[in-house]
Amino acid sequence: MSTVAVVRHRVSDFDAWKQMYDGFTSVQSEHGVHAHQVLRSIDSPNDVIVTHTFDSPESARAFFEMTELKDAMSGAGVDTGSLEINYFDEVESGTLIGA
């Protein structure tokens, strides 16, 4: 079973934020992120949802408590007042073929 962190926030400039996000992948990997997904709102392009998959809730929470991550998010233009982080246990996942 995995833990998925769902992060939603607004950014001041999506392209600038994405460049910083892409430059942080080695830190993500070193701190337990196994998979990710970046979603961008169609109606509000600076509204972003990111999912990160971890082995456990503890590793997920520890990652989001890192000062290095908080500093990177601030430097990337994340509106901290809009920041929401929720944690979920993965119950099931898959791909529907021929649906």
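At 57% relative accessibility, G75 counts as exposed, where exposed means over 50% relative accessible area, buried means under 20%, and partly exposed lies in between (1.4 Å probe, protein chains only). G75 sits in helix α4; helices here are DSSP runs of H or I with at least four residues, strands are runs of E with at least two, and both are numbered from the N terminus. From the C-alpha atom of G75 to that of F14, 61 residues away along the chain, the separation is 13 Å.

A word on the model itself. This is a predicted model, in which local features need pLDDT of at least 70 and side-chain atom pairs count only at pLDDT 80 or more, while totals for chains, interfaces and linings use all residues. Residues are numbered from 1 along each chain as its sequence is written, and side-chain values use heavy atoms, with hydrogens and water left out.

Now for the overall layout. The protein holds 4 helices and 4 strands, and reading along the sequence gives the pattern β-α-α-β-β-α-α-β. Its radius of gyration is 14 Å, close to the 13 Å that the globule rule gives for 99 residues, so the protein is as compact as a globular protein of that length. That radius is taken over C-alpha atoms, and the globule rule is 2.2 Å times the number of residues to the power 0.38. Along the principal axes, the C-alpha trace spans about 35 × 30 × 25 Å.

Of the 99 residues, 31% count as buried. The accessible surface adds up to about 6400 Å², with 49% of that belonging to carbon and sulfur atoms; these areas come from the Shrake-Rupley method with a 1.4 Å probe, and for residues only the protein chains shown count as cover. Contact means heavy atoms within 4.5 Å. Among contacts with a separation of 6 or more, 71% come from residues 24 or more positions apart. As for charge, the protein has 6 positive and 16 negative charges, and their mean positions are 6 Å apart. Lys and Arg count as positive and Asp and Glu as negative, with His and the chain ends not counted; each charge is placed at NZ of Lys, CZ of Arg, CG of Asp or CD of Glu.

Then there is the inside. In soluble globular proteins, nonpolar side chains tend to be buried together. Here, the largest nonpolar core has 21 residues, and those with the most contacts inside it are W17, F54, F63, F64 and L69. The elements giving two or more residues to this core are β1 (3-11), α1 (14-22), β3 (47-54), α3 (57-64) and α4 (67-75). Such a core is a set of buried Ala, Val, Leu, Ile, Met, Phe, Trp, Tyr and Cys residues joined through side-chain atoms within 4.5 Å.

W17 shows how the chain comes together. Leaving aside neighbours within four places in sequence, W17 is in contact with H9, V11, V38, V48, V50, A76 and V78. One of those partners, H9, belongs to strand β1 and is buried, at a relative accessible area of 3%. With the same neighbours left out, H9 is in contact with W17, N46, D47, V48, M73, V78, D79, S82 and L83.

Another buried spot pairs Q28 with V33. Q28 lies in helix α2 (residues 25-30) and is buried, with a relative accessible area of 4%. Not counting residues up to four places away in sequence, Q28 touches Y21, V33, H36, H52 and F63. V33 is found in the loop between α2 and β2 (35-40), and at 10% relative accessibility it counts as buried. Beyond four places in sequence, V33 touches Q28, H52, T53, F54 and F63. C-alpha to C-alpha, V33 and M66 are 13 Å apart in space and 33 residues apart in sequence.

Back on the outside, S12 occupies the loop between β1 and α1 and counts as exposed, at 57% relative accessibility. S12 touches N46 and G77, not counting residues up to four places away in sequence. S12 and N46 are 34 residues apart in sequence and 6.5 Å apart in space, C-alpha to C-alpha. D15, placed in helix α1, is exposed too, with a relative accessible area of 54%. The C-alpha atoms of D15 and P45, 30 residues apart along the chain, are separated by 9.8 Å.
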